[in-house]
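User: Hi, I'm new to this one. Could you walk me through it?

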Amino acid sequence: MKTGEVIRMYRKNRNLTQEEMASRLGVTAPAVNKWENNVSLPDITLLAPIARLLETTPDTLLCFREELSQEEVNAFVQEVDEKFQKEDYEQAFEKELAAGYDVLYLGFSSGLSGSFNTSCIARDSVMEKYPEGKIICIDSLCASTGEGLLLIKADEKKKQGFSIDELAQWIIDNRLHLCHVFTVDDLKYLHRGGRVSKTAAIAGSILGIKPLLHVDNEGHLIPVGKIRGRKQSIEKLVDMMCERMGNWDNSTVAVCHGDCLSDAEYAADLMRRKLGKKTTVHICYTGAVIGSHSGPGTLALFFMGDQR
């Protein structure tokens, strides 16, 4: 039984209408209706008040069981995540269309997250209400600051006068030329994410082995090599950039790091030596999604190149 069905059952057992329940909780009746039809979930801060009102427990509302299979846990997390994301996308898209704007959405790599597919579902839902509007969703096949740098490049084209359709096509044509190369300082985080074996993680930590990875054409994080020593791994990333960049305009590039600013500044200095002192190097923090996967000490370079 889903949370919405549990709320409906206990509300009816208490002989409450949706309007009465909403009034007691300080919410609207349509909000209660959405909960009961599994369109949305109550805010986490409302779980205890709802449980008290319905004379039950938060565990019961969430259909909690002490032992769930891993498959059940994964399915529950995905369901909740998709519902929250879909509502956020719909609200954002509808706000812009209601104001008379078209929308070009650049999504996080579908090779790493289901968020892009969720945006497409939200787009189709909103377009039913605003058929005269336009929402274009593009899978960037990029991650972290790679997506950010692609956005910077796209904004430059927009300022040059590209229409929304021309801009969308430029992004599609050039997204696989946005290169990502990175390393991590400790293999245990990649082991937890299933990227390396436990043996490799332990041996790598003892021997100071640093993996070299990139984002492939499907938007996945892929190991491409390894090297011994932190400084050597950073220098190798710059070598990989030089091997890939060809004749592309790299007057603006980026570095992101997982709480290792001095390493990021060292990498940025090396990039300027290769690309020219006037090169703009954006230094950014690794975001929560990638950071939780790769751990502290993550260091990545982003630039345009012939191939990833």
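User: Which residues have the most contacts inside the largest nonpolar core?

Analyst: Those are Ile-138, Leu-150, Ile-171, Leu-178, Phe-182 and Phe-302, in a core of 24 residues. A nonpolar core here is a set of buried Ala, Val, Leu, Ile, Met, Phe, Trp, Tyr and Cys residues joined through side-chain atoms within 4.5 Å. Buried means under 20% relative accessible area, exposed over 50%, and partly exposed in between, using a 1.4 Å probe and protein chains only.

User: Which helices and strands each supply at least two residues of this core?

Analyst: Strands E2 (135-139), E3 (178-183), E4 (209-215), E6 (252-257) and E8 (299-304) each do, and so do helices H8 (145-159) and H9 (164-174). The largest share, four residues, comes from H9. Helices (H or I, at least four residues) and strands (E, at least two) are DSSP runs, numbered from the N terminus.

User: Is this an experimental model or a predicted one?

Analyst: This is a predicted model, where local features need pLDDT of at least 70, side-chain atom pairs count only at pLDDT 80 or more, and totals for chains, interfaces and linings use all residues. Residues are numbered from 1 along each chain as its sequence is written, and side-chain values use heavy atoms, with hydrogens and water left out.

User: Back to the core. What does Phe-182 touch?

Analyst: Leaving out residues up to four places away in sequence, Phe-182 touches Pro-211, Leu-212, Leu-213, His-214, Leu-221, Leu-237, Thr-298, Leu-299 and Ala-300. A contact means heavy atoms within 4.5 Å. Apart from the largest core lies another, of 21 residues, with Cys-179, Val-238, Met-271 and Phe-303 among them.

User: Where is Val-238 found?

Analyst: Val-238 is in helix H12 (residues 230-244). Its relative accessible area is 2%, so Val-238 is buried. Setting aside residues up to four places away in sequence, Val-238 touches Ala-267, Leu-270, Met-271, Lys-274 and Leu-301. Its C-alpha atom is separated by 10.0 Å from that of Ala-300, and the two residues are 62 apart along the chain.

User: Changing topic: how many aromatic pairs does the structure hold?

Analyst: Three. Rings of Phe, Tyr and Trp (its six-membered ring) pair if their centres lie within 6.5 Å; planes under 30 degrees apart count as stacked, over 60 as edge-to-face and the rest as tilted. Phe-93 and Tyr-105 have ring centres 6.0 Å apart and planes at 70°, so they form an edge-to-face pair. Phe-93 lies in helix H6 (residues 70-98) and Tyr-105 in strand E1 (residues 103-107), so the pair ties together parts 12 residues apart in sequence.

User: Does anything else join in there?

Analyst: Ring pairs link Tyr-89, Phe-93 and Tyr-105 into a cluster. Phe-93 is buried at 4% relative accessibility, and Tyr-105 is buried too, at 17%.

User: And the backbone, any odd angles?

Analyst: Ser-144 has a positive phi of about 55° although it is not a glycine. Ser-144 sits in the loop between E2 and H8 and is partly exposed, at 23% relative accessibility. Asp-259 has a positive phi near 60° and is not a glycine either. Asp-259 lies in the loop between E6 and helix H13 (261-275).

User: Is Asp-259 buried or exposed?

Analyst: Asp-259 counts as exposed, at 65% relative accessibility.

User: Last one: how many helices and strands are there in the protein chain?

Analyst: The chain has 14 helices and eight strands. Buried residues make up 44% of its 308 residues.
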